[in-house]
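I opened my notebook and set out to look through this model piece by piece. Here is what I looked up, in the order I went.

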Amino acid sequence: MQIRIDQERIAQEIEALAHFSDAEPPAVTRVVFTEQDLRARDWLKNRFDEAGLAVRVDAVGNTFARWRGSRPDLPAVATGSHVDAIPYSGKFDGVVGVLGGLEAIRALKMSGFKPTRSIELIQLTSEEPTRFGIGCLGSRLLSGVVTPESDEKLRDSSGETLRFVRTKAGFVGDLASVRLSQGAYAAFVELHIEQGPTLERDGIAIGLVTEIAAPASFLITLVGQGGHAGGTLMLGRRDALCAASELILGIELLARSSGAVDTVATVGTCEIHPDAINSIPSRVKLGVDLRDIDSVRRDRIFEEIKSFAKNISDQRQVEIDFEVLNADAPASSSPHVLGAIRAACSATGVSSREIVSRAYHDSLFMSRLAPMAMIFIPCRDGVSHRPDEFAAIGNIATGVEVLARALAELASEAG
Ligand code: GLV
Ligand code: MN
Ligand code: MN
């Protein structure tokens with residue numbers, strides 16, 4: 001089968017999508033259900049319509065663009081990713097999987113291929129945790145990992161509930177209707193940049209993702225005693241920020257000494273109250289991301305962080321409380337779907353290698369609905385979640401061709 005990827009078109013589309021942003025270029029900030037996110041969604045919907053796909057949008061804004069196969073009664077083969085972008089990030093994270101999925105479908109249509117199973121492109125809502133505190137919101141809801149009660153429980157930093165925010169953005173209906181049944185798809189394949197340096201360093205075109213590491217995130221609230229920065233002497237202070245500082249360094253140390261390079265911990269947010277230069281911080285809230293490919297080791301480090309915090313709390317007379325936001329299991333790819341991707345690499349004539357994903361992806365949750373595998377392409381210096389994130393168009397096109405061929409094979413299987 002001859003597959004022609006239109007590199008110029010996908011490059012232009014990546015640029016066009018990057019303009020829907022609350023940050024100055026080259027940075028991209030596109031937080032779920034903000035005006036820029038809604039404009040990006042409209043723009044994408046037009047691209048899906050132009051490609052002749054039938055579009056459905058669910059109550060949380062997951063968008064499904066379907067190319068109907070000759071056996072629409074069979075579970076479809078799906079691909080997709082996200083287009084929300086964390087503050088001051090880049091143009092490629094997630095976007096390559098959505099626009100790449102679209103280009104793969106257009107290329108297959110152009111080649112004259114006729115799918116047996118329908119092929120569905122899914123733009124998943126809020127893979128990033130920026131607004132509601134947990135990542136992969138859309139795919140968690142699709143797979144039933146978070147329940148419809150999250151509609152009232154999840155709140156953004158201004159205290160607005162998920163229900164309020166999504167309804168205001170035009171996504172209405174009962175959140176329970178989002179969930180799909182097990183077996184809704186025959187396969188799910190996600191194309192993504194590696195977000196790590198190994199493919200580029202070793203000159204490998206395609207990463208065949210065999211596993212996705214287990215992510216966890218939690219909030220730590222430290223409550224001490226505030227006071228006048230001049231009038232309160234140092235002795236006996238209960239400064240919540242000083243306690244938080246010790247704890248942050250402790251978290252780094254515990255992750256570093258876990259015994260495996262696969263343990264990573266990041267304190268990514270820190271809110272200080274009352275946040276005034278001449279006032280002792282009385283309350284601090286830290287947002288912590290902890291991951292490992294081994295969830296038992298990850299959970300052990302979490303327990304060690306808690307005992308470390310207990311010591312700080314006793315010594316400094318600062319209350320320290322933990323709230324777990326998520327602690328997910330890792331996911332394994334399906335050998336069958338990986339086989340289709342491997343065959344697609346051979347047909348495309350490109351090198352490939354098995355790889356573990358240290359970042360999480362919607363595929364972590366889609367794997368609960370359907371056999372899943374991911375395709376990684378190299379990105380420059382492994383950089384991601386930064387404005388200088390970059391993937392060369394030639395590498396993107398290779399990934400799209402491999403995706404197209406894998407989808408074609410999976411969508412031809414009637415059995
Ligand atoms: C996804 O963006 C992640 O943080 O792994
Ligand atoms: Mn990301
Ligand atoms: Mn991503």
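**Entry 1: the metal pair**

I began with Asp 93, which counts as buried because its relative accessibility is 9%, under the 20% cut-off. I kept in mind that this is a predicted model.

Which protein donors does the manganese ion (ligand 2) have? I found Asp 93 (OD), Glu 128 (OE) and His 385 (NE2), lying 2.0 to 2.1 Å from the ion. Along the chain I read their spacing as D-x34-E-x256-H. Asp 93 and His 385 link distant parts of the chain, 292 residues apart. I placed Asp 93 in the loop between E5 and H3, and His 385 in the loop between E17 and H12. His 385 is partly exposed, because its relative accessible area is 35%.

Next I turned to the manganese ion (ligand 3). Its coordinating residues are His 82 (NE2), Asp 93 (OD) and His 192 (NE2), at 2.0 to 2.3 Å. Their spacing in sequence is H-x10-D-x98-H. His 82 sits in strand E4 (residues 76-82), and Asp 93 follows 11 residues away, in the loop between strand E5 (85-89) and helix H3 (95-111). I noted that His 82 and Asp 93 are both buried.

Which residue bridges the two manganese ions, ligand 2 and ligand 3? Asp 93 does, and the ions lie 3.7 Å apart.

**Entry 2: around ligand 1**

I listed the residues around ligand 1: Glu 127, Glu 128, Arg 291, Ala 359, Tyr 360 and His 385. Then I looked up distances to oxygen atoms of the ligand. A polar side-chain atom of Glu 128 is 2.9 Å from one. For Tyr 360, a polar backbone atom lies 2.9 Å from an oxygen atom of ligand 1. For His 385, an N or O atom in the side chain lies 3.2 Å from an oxygen atom of ligand 1. I recognised two names here: Glu 128 and His 385 are also donors to the manganese ion (ligand 2).

**Entry 3: Arg 386**

I moved one place along the chain. Arg 386 lies in the loop between strand E17 (372-377) and helix H12 (393-412). Is Arg 386 buried or partly exposed? Arg 386 counts as partly exposed, because its relative accessibility is 41%. Its side chain makes a polar contact of 2.8 Å with the side chain of Asp 388. Leaving out residues up to four places away in sequence, I saw Arg 386 touch Tyr 88, Ser 89 and Gly 90. I also checked Pro 281, 105 residues apart from Arg 386 along the chain: their C-alpha atoms are separated by 30 Å.

**Entry 4: helix H1**

Helix H1 (residues 7-18) has 12 residues. From first C-alpha to last it reaches 17 Å, close to the 16 Å expected. Its buried residues are Ile 10, Glu 13, Ile 14, Leu 17 and Ala 18. They lie on the same side of H1, because they cover an arc of only 135° around the axis. On the other side I found Glu 8 and Gln 12 exposed. What covers the buried residues of H1? The cover includes strand E1 (28-30), helix H2 (35-50), H3 and H12.

**Entry 5: Ser 217**

I found Ser 217 in strand E9 (residues 214-223). Ser 217 is buried, because its relative accessible area is 13%. A polar contact of 2.3 Å joins its side chain to that of Asn 326. Not counting residues up to four places away in sequence, Ser 217 touches several residues, among them Gly 133, Val 288 and Asp 289.

**Entry 6: backbone oddments**

Last, I looked at the backbone. A cis peptide bond joins Pro 25 and Pro 26, with omega about 5°. Pro 26 is in the loop between H1 and E1. Another cis peptide bond joins His 273 and Pro 274, with omega about 5°. I placed Pro 274 in the loop between strand E11 (264-273) and strand E12 (279-280).

Phe 33 is not a glycine, yet has a positive phi of about 65°. Phe 33 belongs to the loop between E1 and H2. It is buried, because its relative accessible area is 7%. Gln 195 also has a positive phi of about 65° without being a glycine. I located Gln 195 in the loop between strand E7 (185-193) and helix H7 (198-202).

Note on methods
Residues are numbered from 1 along each chain as its sequence is written. Chains are lettered from A and ligands numbered from 1 in the order in which they are written. This is a predicted model: local features need pLDDT of at least 70, side-chain atom pairs count only at pLDDT 80 or more; totals for chains, interfaces and linings use all residues. Side-chain values use heavy atoms; hydrogens and water are left out. Donors are N, O and S atoms within 2.8 Å of the metal (3.2 Å for Na, K and Ca); water is not among the atoms, so sites may look incomplete. Helices (H or I, at least four residues) and strands (E, at least two) are DSSP runs, numbered from the N terminus. Buried means under 20% relative accessible area, exposed over 50%, partly exposed in between (1.4 Å probe, protein chains only). Contact means heavy atoms within 4.5 Å. A polar contact is a pair of N or O atoms within 3.5 Å; within protein, one must be able to donate a hydrogen and the other to accept it, and residues adjacent in sequence count only if both atoms are side-chain atoms. The expected span of a helix is 1.5 Å times one less than its number of residues. The arc is that of the directions from the helix axis to the C-beta atoms. A residue is near a molecule or strand if one of its heavy atoms lies within 4 Å of it.
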